[in-house]
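Student: Hey, can you walk me through this one? I'd like to start with the open space and then get to the ligand.

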Amino acid sequence: MYLVSGATGNVGGEVVRALADRGLPVRALVRSAARWKPVEHVEAVEADLDELDTLDPWLGGVEAAFLLPGFPDMPGLYAKLREAGVKRVVQLSGSSTETGDETNAVTAMMMGTEAAARESGVPWTILRPSGFMSNALRWLPLLREGDLVRAPWGDIAVACIDPFDIAAVAVAALTGEGHEGAVHRISGPRAMLPAEQIAVLARVLDRPLRFEGLTPEETRAELEATMPPKYVAAFWNFYVEGALDESPVYPAVEEILGRPARTFEDWAEAHADDFR
Ligand SMILES: NC(=O)c1ccc[n+]([C@@H]2O[C@H](COP(=O)([O-])OP(=O)(O)OC[C@H]3O[C@@H](n4cnc5c(N)ncnc54)[C@H](OP(=O)(O)O)[C@@H]3O)[C@@H](O)[C@H]2O)c1
């Protein structure tokens with residue numbers, strides 16, 4: 001049995017589908033069954049990883065697990081998996097871990113997650129993806145209002161990755177050999193600016209979309225309205241102070257999957273209905 005966290009989300013949802021497509025038994029962890037869209041042959045179970053005891057009923061028979069990062073007690077979560085006899089964990093992380101800067105709240109969260117995996121005694125594989133193509137879904141409210149997207153980070157190019165590819169790599173590591181103790185740094189096939197992503201969406205959706213970056217003052221105001229101060233500081237550090245560069249392209253997706261990484265065009269076409 002494969003246990004998948006974040007099953008209602010961008011990456012976990014793709015992991016569930018990829019495992020189910022292979023005919024493998026999947027237990028999808030959801031906080032509320034009301035948010036779950038059933039997938040054939042997938043068992044959805046309710047648990048909240050902020051409260052680890054809610055996981056206890058669902059650990060029986062679990063061979064391998066896919067974990068999102070950053071739950072409050074990652075060592076405790078790993079201890080439960082180890083006690084339940086789980087033989088393999090694929091741990092999602094983030095690229096900023098490589099900066100090693102624990103004063104950045106996002107990086108500290110990812111580093112703490114990775115340390116929990118390494119120290120758990122459970123065989124692990126860590127995935128460090130660049131920013132996700134699905135981050136474009138954050139523009140949905142603006143795209144419902146009109147054709148102009150005004151958003152932060154207009155000058156930040158990211159070799160963004162399709163969650164479909166993150167999931168495919170995760171499934172390769174969950175089901176195949178040779179990934180134990182590996183840290184896979186994965187990216188999409190090319191660095192793109194937000195304006196380039198919007199140009200792709202404009203073609204796919206057949207709309208005259210335009211992108212305009214927010215000023216630094218507007219960016220800070222938007223961040224402060226949507227996240228706690230420590231994360232405002234973290235993203236400011238990444239993108240204004242330049243601590244994080246996610247523009248490099250890495251070969252790991254193609255090396256692991258034997259096919260090129262999916263493009264933003266692929267992602268936009270697959271998700272066009274989400275924007276309609
Ligand atoms: N976005 C990026 O560019 C990026 C880059 C690197 C790493 N990451 C990491 O990747 C993670 C996954 O991204 P995503 O886009 O797939 O996220 P997402 O679509 O926002 O999904 C998050 C998932 O986590 C679940 N969840 C949240 N709190 C939970 C809890 N206490 N217990 C159990 N499940 C809980 C949510 O379930 P509900 O349905 O119950 O809300 C949802 O299924 C992010 O959280 C981030 O740490 C993101």
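**Pocket and ligand**

Tutor: Sure. The second largest pocket has a volume of about 460 Å³, a volume being the space filled by probe spheres set on grid points joined across faces, edges and corners. A pocket here is an open set of points, on a 1 Å grid over the protein atoms alone, where a 1.4 Å probe fits, with protein on both sides within 12 Å along at least five of seven lines. This is a predicted model: local features need pLDDT of at least 70, side-chain atom pairs count only at pLDDT 80 or more, and totals for chains, interfaces and linings use all residues. Residues are numbered from 1 along each chain as its sequence is written, and side-chain values use heavy atoms, leaving out hydrogens and water.

Student: Which residues lie nearest the centre of that second largest pocket?

Tutor: Thr8, Gly9, Asn10, Arg17 and Lys37, out of 19 lining residues (an atom within 4 Å of a point). Helix α1, residues 10–21, gives the largest share of that lining, 5 residues. Helices are DSSP runs of H or I, at least four residues, numbered from the N terminus.

Student: OK, switching to the ligand. Which residues are closest?

Tutor: Thr8, Arg31, Arg35, Asp48 and Leu49, among 21 that surround the ligand, counting a residue with a heavy atom within 4 Å.

Student: And what lies 2.7 Å from the ligand's nitrogen?

Tutor: An N or O atom in the Asp48 side chain. Arg35 also puts a polar side-chain atom 2.7 Å from a ligand oxygen, while a backbone N or O atom of Phe132 is 2.9 Å from an oxygen of the ligand. Polar contacts are N or O pairs within 3.5 Å.

Key:
A polar contact is a pair of N or O atoms within 3.5 Å; within protein, one must be able to donate a hydrogen and the other to accept it, and residues adjacent in sequence count only if both atoms are side-chain atoms. Helices (H or I, at least four residues) and strands (E, at least two) are DSSP runs, numbered from the N terminus.
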